[in-house]
Amino acid sequence: MKKTGYGQLKVWSVLNKIILVMKIWLFLMIPLGVAMAGTAHSQNVTIALKDVTVRQALHALERESGYSFFYNDSFEDLNKNVSITAQNEPLGTVIGRLLDRTALTHKFLEGKLIVIVLRDVEEKVKVKGQVIAGDTKETLPGVNVTVKGTTRGTITNANGEYTLEVDQGVTLVFSFVGYLTTEVIVSSETVINIALQVDAKTLNEVTVVSTGYQEMDKRLFTGSAVTLAAKDIKTEGTVDLSRMLQGRAAGVSVQNVSGTFGAAPKIRVRGATSITGDNKPLWVIDNVVLEDVVNISAEQLTTGDPNTLIGSSVAGLNADDIESITVLKDASATALYGARAKDGVIVIKTKKGRVGKPQITYTGNFSTYLKPSYDNFNILNSVDQMSVYSEMERKGLLNHSDMSMLPNGGVYKKMYDIINDSFNEETDEYELLNTPEERRAYLRRYALANTDWFDLLFKNSFVQEHSLGLSSGTEASQLYFSASYYNDNGWTIADNVDRYTLNARGTFKLSDKVSFGLTANGSSRVQRVPGTIAREVNVVEGMYNRDFDINPFSYALNTSRVLTAYDETGNLEYFTRNYAPFNIMHEVNSNYIDLNLLDLRLQGDFSYQVTRDLKYEFVGAVRDVRTTTEHKVEEASNMAEAYRADDTQVIRQGNKFLYYNPDFPNLDPVVVLPEGGFYNRSDDQMRSYYLKNQLNWDHKFNSRHNLTVVAGQEIRLVNRQNSYSNGYGYQFNKGGLAFTDYLIIKQLLEGNFQYFGMGYTRERYASFYAGANYSWNDKYVFNTTVRMDGSNRLGESRTARWLPTWNVSAAWNLDTEAFMKDIRAIDFFTLKAGYGLTANVGNATNSSVVYRSGTTPRPHFEETESQIIIEGLENQDLTWEKQYETNIGLSAGFLNKITLTLDYYRRNHFDLISVIKTSGIGGEPYKAINYADMKSRGVDLSVGTTVLDHRGLNWTSNFVFSFNKSRITNLKNLPRIYNLVFQDGGAQQGYPVRGLFSIDFQGLDPETGIPNFIDHNGNVGTDVYLQSLNTQYLKYEGPVDPTVTGGFSNTFRYKDFSLNVFLTYQAGNKIRLNPAFKSAYSDLDAMPREFLDRWILPGDEQYSNVPAIPDLANLAALGATYPYNAYNYSSERVADGSFIRMRTIALTYDFPARLLSGTTFSNASISLTGTNLWLLYADKRLYGQDPEFFTSGGVALPVARQVTLSVKLTL
Amino acid sequence: MHLLFKYKTMTKKIHTLLFLSMITISGCNEFLSETPDNRAKLDSKEKIAELLVSAYPEANYIPFCEAMSDNVEDNFGGTQDVTNADPYFWRDGAATWQDSPEFYWNGCYTAIAAANHALRAIEQSEDPAFFNAQKGEALLARAYTHFMLVNLFAHTYNTQTSDTDPGIPYVTDPETVSLKTYERKTVQYVYEMIEKDLTEGLPLINDQEYGGDGNNASNIARFHFTRAAAHAFASRFYLFKRDYDKVIEHANWVLNGNDISSAMRPWTSTYRTYTTNELSIAYTRSTEKANLLLCETQSDWGSTFRSFRYSTGAGRIDEITIQNNPAADHYAYSSYYTNTGIYFIYKFRQHFVRIGTNSTTGYPYTILPLFTVEEVLLNRAEAYAMQTQFHEALDEINVFISNRVLNYNPEIHDVTFNRLYNLYQENDNKKAIVRAILELRRIEFLHEGLRWFDILRHRIPVTHTTHDGQVMELRPDDPRRILQIPAEAISVGGLEPNPR
């Protein structure tokens, strides 16, 4: 018996396989099979029978059609009397009609055979109906309709309709994200229309958490995560998806450090986790990790350098393609990402095609950016500015002879130049006489100019965005296709951008067991931004330097309103910069950067249901990004002309753009760019591959124990390359002919610079992971995960490259307990706790010795040779940066109205990489090693409520609050003063990751009005040595990163109108005010209104902390000290970073169904959105300075105030 | 039964999985061995040679050696900086940046690490003999850097106490852990190690290897241990070790077959015609034959040698060029002075390596002559004198003087015993001649730091006077003659500090 059983089992198994094979084969034959069936069924018959038996009728049909019927002759119904007539009707229809009133049915077989069998005993009922939303009465496409207890079911189509053939008496389950699941028993009626009620519990959150590896039922998910539906957070007019996260998810802080298209905001999930690392979250799109095109750390984002524009991972995504965003926050949620998850993971799901007839959606956004205005900034008007200049003139600062030798100058310099040069020999007259009267008359025009630079340089730009989405599908295959076009003609006269995106996604169910998906998307961007070169830090004087900065925002803020853009005749008026003529309007047209970006991604998914419990999944993706940054500097630009300014010996010796030739040691520097301009090009390329194999095993024991096991393996490969090439002497107006003076190349080589170069990085990751989730009766959930990661980033050593990470967590669904059942007020209540290790690769790659090639810094060309230096000694102790995280969470719903999620976490960061000073004996005096420690903790809170739902008025409200505080507990770095006082702050033991420190201001000198400080030696004085290591006398101001961030969203809905008011806020941080003070001002500088309160006479120091403009004698006495720069970094120049911002106000009108009934549109809406309109609260000391924005020049612009009209149509 | 079957298929599946993952893991290590960026690999002779370009310390010992010596005085009004003031007052400075003792310590050990990595690569190669020339250079560079360190950071060599005086770590292996401790051993040990490397490396040196087929081979060779440079180093080493036969032997190698006068710096001819710019370029350029070994250093000395407060002034110039001048006439050196009273010979020039093509900030570099023909000549003269070969010594001195005074006339300018007696009031001929040689070295190597080593070797007391009249003396046994070991070398590296 046993043996037989065993044998039977075996046979069964083989049979099973055969069935499987057949099914696959069947699938392959489907198109062919359909064709065959088509011909067979198209057989038409004409027949007219009256009062015959069914048997007789069948005989008649046999004759007529040539088909043979098979049936059991004992069927009683064969003897029933029927009458039937048919006029050239399909055979199948006729037979159907014939057997309609009998208990028989028919089936076509191959070879012109038809079998007649008994109908199933139970009646099948064809149910159909429409599903609408209980609140908005809109039809709901994509609702899951399933037969309870089975896997059978369907999805509603675009009109919310469904049809399903079911047995009588079964229960249909209607479920849809955000709505209460509804069950209906099928009795006799065949039309079941359902209005689904909004689920208060899931007001903000959906019931499934996508981790990128698994789709977990929220009730069984033990980690901390936020899932946001794209429709809830989409802000019309905002293109970059990452900006939409601001204030939406607790624990996620988003700072818009620059608003320029393509520049990523500074995003941190639960604060910084590394001292020297990038601190960037991992982006995952459709289960595939999205690699950055260039590695830009959060700190680099604030530089305003051109490469920040290719820093956003998601700038190529069309926001309309996004279905949902899930932010995985704690160690349990991110566990499956193991050694890359330390900074959190943001998982994006894009839209899939839906079952039903093709649905076309169109979204059109039409925006305008509002010009900035001087009303918001405290900048002197031209009259006040001119009076400051006249004080400077009195103090001997704008004197005639010195001014004519200066590299930069405004109206005074121009006046002196005219006086010097304007003698007209023919008329024997001066254009301008050097008399006080004539001078005053000359300056009068400028004093009254009051130039509005914002008005000249900014536009109320027109931005349009069109997005077309097409969704279509059957049970077996779904397609989603979208295309979008974005065009911004520029907020300033120096920038514009347009972008196309394309997205095609198909999902195919080949059989019950096999499904397959293919996604291709691409985007192309063409962007123009003002020409700029990389920012440099001048640590000697304490300031940032950027030569030839023509950032319109910075220009408008820093340029005197006395200057005019046009002269009296309406022509462009030039002043002097770098000894060469300069006009901003001219310069932005002749000195610009063209950025081209092409991004292509291809992804394939495959899954195979091996058994009922076991599923195999495969994901493979490849992405290719090419970017080109062309900095074009035309010959007429100031930047090119500056290289040619050599009129006088003073200029020749002062112009740093000339070349001092050591072969002619006694000669003045010479021009090395005699013709043309620059064509400087930089190319960044990235290609990444991703492969994943995964097995899921999901089993239910005794209906109470549920065990899910996942195991898999993945491989990632990223190749990046950057190359640059600087073209000197490119002649834009001569068809691009290059005219290069060899001396400019010689100059570069002698200065140890190369005029072209290429570098690459190659990242390889291999990982193995496994996780198990056990739940008992959906009440107690336990989860554990282990993962092993390997990377080449640490270098060649085989021991350092592998790292295991792990995690354990549990959840308790309290509401399922018997004692909670009676508490009606509580809808659900879950407690969670988790603990685990996550990691990240730090910025050190020397697990084996790192050699780097270079050239020797020797002054003479013939002495220069290649050299290899040891960049990093072998460090056998090198490992990954790690953290242990404890998370305790609570999520609950009350009264069907309020949902609450609260998480508390502690993080213990260790093995962080930081630089430490060593004995030097090994040959590396400062080493980056894993030794630093940090602790952080925080709270994430989000509350969602339905405040009011009465008489058609519905008011829902969402409040998000995040708190995060970090403290470095072990750090032996040796920061210098300038490392700590600049706007980005610095790291020091006992303080947050980025702390802002100030030079301690000690009032103004009573005699000179020059600021005094506590200097690097602890004494009061004017001379603070910014490179000093004595940082103990600095004053700690606070963290640079806010400790509190969040948002508050309110939605009011009345009939077809809805209004959303969304506020974001942050607090707890300090901001360094823009550097406004200098020891010597030129007649170009714009001055803030504080200058009106400046120290002028002794005694003023009692009332004013604004330093004097030093006269020549005081200036000379300053020598090589920089008290004014120190003042910019003093405790006087700090503001509180707290603000509340009116992020968006959006008013939407949905056209009601009755208005649309006659049209082809199934849905239409129109909305008006105001973005970033104003600050409700901010520190007054900011005087209009945006608390999020770092005014760093270059390509950085603040996030503009914006008004968007948006149209949405569904066809 | 059902379960059993499942179990069997599952174990089978697990086995397959294990097998597959084994393959993938071993494949993984291959996959993960990809170098992460365009770092260099030491896989050829050329690249080992390139690594040795960084086996010379990119740091400058002159600023503090000069400020500690008796070449300088307080020129009130000059530029103030701790890297100048601390050594003038023989204080243990806290400065760690360019031109500080710690920076030089770090620079030397960084150079040593490059030499050691090159030697390790040669050792591990299939045919180490193929890399003999590189091995020679690495050994010489390693010996030289340790030599400079031991003389600055430990007791000066002497036959009585060097076997117990603590030395400095003589590093021969690449460091491979994040933080490692070292030991000082003895000065004797360090000298033995230097001699071992020197004698092993010197015969391996091959001048043909520097530059190879390039046109500028000779220019580049001046930045490497050529045979001549190696022998020059040997002559200095044995002079410190008081092994005078060897000094002469190695000096002969450098000087023989050369017309010494034409190999020396042309102070009396070409240099006289130069402007300051031209002189500052020529002095440390590879085309200058007298330069046997040049080295670029990250140092501000190219501008500070003529601006520091504690530098050569009127008093010292008078002492050096008039009072103690054995040549009985003015030297041909063209010197200048500033309004703060600083006297200088325009020997150096700052090479400013900017952080961006046109930035105003960057790192200053100064090219140093590490070994010159003049030093070798004077080393040999001193060795002759120490061996009481006084005539040979005087001949050397006079060759030197003939190239340093204008319109040289042996009758007037040649040094005689008599003149030396009158000048230095010294009866002992040996002492008088050595004194003359030291004075010649003092002026010849002014601003070049070598005076400090003469002070150490000959236990010369140094007196420093401040602007306000305070007088400080550094006696021959003063512990402050030995620089303090850098703080982290004590705390992290585990070294014993020098007594204070």
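**View 1. The buried residue A:Asn256 and its surroundings.** A:Asn256 is buried in this predicted model, because its relative accessible area of 3% falls under the 20% limit that defines the term. The residue belongs to the loop that connects strand S16 (252-255) with S17 of chain A. Leaving aside residues up to four places away in sequence, A:Asn256 is in contact with A:Arg243, A:Gln246 and A:Pro265. The contacts of A:Asn256 also include A:Arg1143, A:Glu1188, A:Phe1189 and A:Val1199.

**View 2. The largest cavity of the model.** The largest cavity encloses about 530 Å³ of space. Its lining comprises 36 residues, and the closest to the cavity centre are A:Asp278, A:Lys280, A:Pro281, A:Asp292 and A:Asn295. Three strands of chain A each give two or more residues to this lining: S17 (266-269), S18 (282-285) and S38 (756-776). By class, the lining of the largest cavity holds 13 nonpolar, eleven polar and twelve charged residues. Strand S17, one of these contributors, is also the strand that follows the loop containing A:Asn256 in View 1.

**View 3. The second largest cavity of the model.** For the second largest cavity, the computed volume is about 340 Å³. A total of 25 residues line this cavity, and those nearest its centre are A:Gly259, A:Thr260, A:Phe261, A:Tyr369 and A:Tyr486. Strands S26 (477-488) and S27 (496-509) of chain A are the elements that supply two or more residues to the lining. The lining of the second largest cavity consists of eleven nonpolar, nine polar and five charged residues.

**View 4. Pairing of strands S26 and S27 in chain A.** The two strands that contribute to the lining in View 3 are also paired with each other: S26(A) and S27(A) run antiparallel and are joined by twelve bridges. Within this pairing, A:Leu479 has A:Gly506 of S27(A) as its bridge partner.

**View 5. The hairpin of strands S27 and S28 in chain A.** S27(A) also pairs with strand S28 (residues 514-530) of chain A, in the antiparallel sense and over 14 bridges. Four residues lie between S27(A) and S28(A), and the two strands form a hairpin. One position in this pairing places A:Asn503 opposite A:Asn521 of S28(A). S27(A) thus has antiparallel pairings with S26(A) and with S28(A). In a regular strand, side chains alternate between the two faces of the sheet.

How values were computed:
Residues numbered from 1 in each chain as written. Chains lettered and ligands numbered in written order. Predicted model: local features only at pLDDT ≥ 70, side-chain atom pairs only at ≥ 80, totals over all residues. Heavy atoms only, no water. 1 Å grid on protein atoms, 1.4 Å probe; cavity = no way out; pocket = protein on both sides within 12 Å on 5 of 7 lines; lining within 4 Å. Points joined across faces, edges and corners; volume = space filled by probe spheres on them. Nonpolar A, V, L, I, M, F, W, Y, C, P; charged D, E, K, R; others polar. Pairing = 2+ DSSP bridges. Buried < 20%, exposed > 50% of the residue type's maximum accessible area, 1.4 Å probe, protein only. Contact = heavy atoms within 4.5 Å.
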